[in-house]
Amino acid sequence: MLADLHTHSLASDGVLAPAELLARAENNGVNLLALTDHDTMSGVQALQASIASGELQTTVELVPGVEITTMVNGACVHVVGLWLDSAHSGLQRLLNGQRQVRVERAERIAVKLEREGMQGVLEGARRHAGEAVISRPHFARYLVEQQYCTNEQQAFRRWLGKSKVGDVACIWPELEEVVATVQSAGGVAVLAHPTKYGLTRTKLDGLIGSFSEVQGDAIELVSGAQQSNVTNDLLKLCERYPVAFSTGSDFHSPAQTWCDLGQQPAMPEAAEPIWMLRQAAA
Ligand code: AMP
Ligand code: MN
Ligand code: MN
Ligand code: MN
């Protein structure tokens, strides 16, 4: 089984259309693909409709997913929901709220950056977002386009990343609410890329403990081109908790050369994959 359970399309901050993403996954030999755009399932719904009508044919099993921003002890943490019913009213309400927060946040980011002397920031970021859920990478692309920065990484390092001017505080829902909503929509809740929050080992342990306490289902054990010592260390940290494991490339773009769809390192044998549990339950 080649699974990739964390990917993005241009419905959020990825660059491929959902159907292009699916075709690329198939080309890469992926059997199980979750599309997990930030705070929207519009790409998933479009794919499901084209598969159901027969307009789109694929050997890949599509997992309907989403990546939801939440807050734990004042810090942003991402939860991936998988096998979701996108029509579930509680989930729709939550995602509508998330997108509202993003719209308001975008306005505040623009004010901050314009105070630094940049111009046309809101219009520019909106233009890069188009129909997509507006996110910080859309600001980064505008900053690069206007030559305020040389690349998106630098835009995050200077302006948009943690504790920078454009990292404005937001009220995201609590972890417990997000996990409960995902589960009420028939899905499983996965703690996304736990080692990417810059936490100390003690705080990371605390986060996994909190996630397990609110009945979270799985930990994303492998994310992108993660080093094997990081993976093994994380697996060890999870030993004390009753959680399963997930894996994903967190693919956004073919230009992201460090990890293509389904090309993230394999999970260790000792880790129980979330899809095995899912199949056993079905
Ligand atoms: P947002 O969801 O609007 O808060 O934006 C977060 C997104 O920005 C993440 O999902 C990544 O795709 C991207 N991102 C975060 N940090 C960086 C970085 N240092 N360089 C490039 N992209 C980043
Ligand atoms: Mn992203
Ligand atoms: Mn994320
Ligand atoms: Mn992601």
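How many ångströms separate the manganese ion (ligand 2) from the manganese ion (ligand 3)? In this predicted model, the gap between the two ions is 5.6 Å. The close-ups below take each metal site in turn and then move on to ligand 1.

**View 1. The manganese ion (ligand 2) and its three protein donors, Asp13, His38 and His252.** Here Asp13 binds through OD, while His38 and His252 each use NE2, with distances to the metal of 2.1 to 2.2 Å. Read along the chain, these donors are spaced as D-x24-H-x213-H. Look at where the first pair sits: aspartate 13 is in the loop between β1 (3–4) and α1 (18–27), and histidine 38 is in the loop between β2 (32–35) and α2 (42–53), so the two tie together parts that are 25 residues apart in sequence. Both are tucked away from the surface: aspartate 13 is buried at 5% relative accessible area, and histidine 38 is buried at 8%.

**View 2. The manganese ion (ligand 3), held by Glu67, His78 and His193.** This time the donor atoms are OE of Glu67, ND1 of His78 and NE2 of His193, again 2.1 to 2.2 Å from the ion. Their spacing along the chain reads E-x10-H-x114-H. Glutamate 67 belongs to strand β4 (residues 66–72) and histidine 193 to the loop between β6 (188–191) and α8 (201–213), so this pair links parts 126 residues apart in sequence. Glutamate 67 is buried, with just 1% relative accessibility, and histidine 193 is buried too, at 8%.

**View 3. Polar contacts to ligand 1 from Asp13, Arg105 and His252.** Oxygen atoms of ligand 1 are the partners in each case: a polar side-chain atom of arginine 105 is 2.4 Å away from one, one of histidine 252 is at 2.9 Å, and an N or O atom in the side chain of aspartate 13 is at 3.0 Å. On its own, ligand 1 has 500 Å² of accessible area, and the protein covers 72% of that. Two of these residues turn up in View 1 as well, since Asp13 and His252 are among the donors of the manganese ion (ligand 2).

**View 4. The full shell around ligand 1, shared by two domains.** Surrounding ligand 1 are Asp13, His38, Arg102, Arg105, Ser135, Arg136, Pro137, Gln153, Phe156 and His252. Sorted by class, that makes four charged, four polar and two nonpolar residues. Helices α3 (89–115), α5 (136–145) and α6 (152–160) each chip in at least two of the shell residues. Domain 1 (3–88 + 175–281) and domain 2 (96–160) both contribute, so ligand 1 lies between them.

Conventions
Residues numbered from 1 in each chain as written. Chains lettered and ligands numbered in written order. Predicted model: local features only at pLDDT ≥ 70, side-chain atom pairs only at ≥ 80, totals over all residues. Heavy atoms only, no water. Near = heavy atom within 4 Å. Polar contact = N/O pair within 3.5 Å; in protein donor to acceptor, adjacent residues only side chain to side chain. Areas by Shrake-Rupley, 256 points an atom, 1.4 Å probe, with all protein chains shown as cover. Helix = DSSP H or I, 4+ residues; strand = E, 2+ residues; numbered from the N terminus. Nonpolar A, V, L, I, M, F, W, Y, C, P; charged D, E, K, R; others polar. Domains from an automatic or database assignment. Donors = N, O, S within 2.8 Å, 3.2 Å for Na, K, Ca; no water. Buried < 20%, exposed > 50% of the residue type's maximum accessible area, 1.4 Å probe, protein only.
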